[in-house]
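Trainee: I should like to request a close look at a single part of this model, followed by a connected account of its surroundings.

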Amino acid sequence: MGVKQNSAAQRPPKSLSASAFLGVLVLVLLSSWPAIAIPDRHIGHRGIIAIDPGHGGNDLGGRGPGGNFEKDVNLNLARRIALEMEPQYKVLLTRSEDYSLPLSERTAIANNQKADLLISIHTASGFLHATQGINIYSFKPVRNDFADSPAAAPTSWHRAQVRHAPAGKTLAESIARSLAALPAPPDVRVMQAPLSALKGAQMPAVLIEVGYLTNPATEQSLNTESRQTIIANAIIQ
């Protein structure tokens, strides 16, 4: 039996019910409401890595027999590491150009940006031009770093790295294994020292001397994009 042409089944309703109207209104409001930013610093990446290119400006660092300055090698390699890390990680360079920056400001930048790790990039120097290899340092507290006095508050700059020293040592050992796995692996040495470059960091931190700039062959290779990329990827691994 057919439905009459004037039946309610075929006629559109003249008006929405109150409940239906409210539902439509909610949907319209939600679709037009601005997105709410969730305050999570890890959204879209695996973490925040601070890369610190050592020296800069009037602070030249070491100098190779070919005339290359450590400050420039450090910056070029730091940029390469950042390029290879992004976008998996959010990478923060403590200095992005050739200018001087006090050690305390370098760690302060990493602290203020709540970095998860700090990696300070340097080169080494030796009296013998044949000296080669890579040195990786983590922080080793000295006795005064544990001093229990009002002047040595737990949040003070000179004690900030103390509680992260064990994790820094683990990080150094991990990077060393990755670098030692490279083709024609270099000598990789892992050491600990009370380095001022790491002292103020409020996260695990290491300092890597990526080669001896006083070695002519090392100086030449560190200025090539291919070698920089190899070292960068090994550190990232």
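In what order do the 6 strands of the open sheet stand, and what pairing do they have?

Mentor: The model is a predicted one, and the description below should be read accordingly. The order of the open sheet is β2-β1-β3-β6-β4-β5, and its pairing is mixed. At its edges stand β2 and β5 (188-193), each of which has a single partner strand, so each keeps one side without a neighbour in the sheet. On average, neighbouring strands are turned by 25 degrees against each other, direction ignored. Within the sheet, strands β1 (residues 48-53) and β3 (residues 117-124) run parallel and are joined by 5 bridges. One position that illustrates this part of the sheet is I51, which stands opposite I119 in β3.

Across this sheet lies helix α4 (residues 165-180), which covers β3, β4 (134-139), β5 and β6 (205-212) and runs at about 165 degrees to β4. The length of α4 agrees with expectation, because its 16 residues at 1.5 Å a residue should span 22 Å, and its end C-alpha atoms are 22 Å apart. The buried residues of α4 include A165, G168, L171 and A172, and I175, A176, S178 and L179 are buried as well. Seen down the helix axis, the buried residues of α4 fall within an arc of 160 degrees, so they line one face of the helix. That pattern may be read against a general rule: an α-helix has 3.6 residues a turn, so residues three or four places apart point the same way. The buried residues of α4 pack against β3, β4, β5 and β6, and also against α7 (225-236). On the face turned away from this buried side, α4 carries the exposed residues P166 and R177.

The charged pairs complete the picture. Side chains of opposite charge can pair when their charged atoms come close. The count for this model comes to 6 salt bridges, and several of them involve helix α2.

One salt bridge joins the side chains of D98 and K71, at 2.9 Å from N to O. This pair links distant parts of the chain, 27 residues apart: D98 belongs to the loop between β2 (90-93) and α3 (103-112), whereas K71 belongs to helix α2 (residues 70-85). The two partners differ in burial: D98 is partly exposed, because its relative accessibility is 40%, while K71 is buried, with a relative accessible area of 8%.

A second salt bridge is formed by E97 and R79, whose closest N and O atoms are 3.2 Å apart. Because E97 lies in the loop between β2 and α3 and R79 in helix α2, this pair ties together parts that are 18 residues apart in sequence. E97 counts as partly exposed, at 45% relative accessibility, and R79 is likewise partly exposed, at 35%.

A third salt bridge lies inside helix α2, where the side chains of R80 and E84 meet at 3.7 Å, N to O. These residues are 4 apart in the helix and are therefore separated by about one helical turn. R80 is buried, with a relative accessible area of 15%, whereas E84 counts as partly exposed at 29%. The two residues also belong to a network of salt bridges that links R80, E84 and E225.

How values were computed: Residues are numbered from 1 along each chain as its sequence is written. This is a predicted model: local features need pLDDT of at least 70, side-chain atom pairs count only at pLDDT 80 or more; totals for chains, interfaces and linings use all residues. Side-chain values use heavy atoms; hydrogens and water are left out. A salt bridge is a side-chain nitrogen of Lys or Arg within 4 Å of a carboxyl oxygen of Asp or Glu. Helices (H or I, at least four residues) and strands (E, at least two) are DSSP runs, numbered from the N terminus. Buried means under 20% relative accessible area, exposed over 50%, partly exposed in between (1.4 Å probe, protein chains only). Two strands pair if DSSP finds at least two bridges between them. Axes are lines fitted to C-alpha atoms, for helices over the stretch in contact, and angles run from 0 to 180 degrees between N-to-C directions. Contact means heavy atoms within 4.5 Å. The expected span of a helix is 1.5 Å times one less than its number of residues. The arc is that of the directions from the helix axis to the C-beta atoms.
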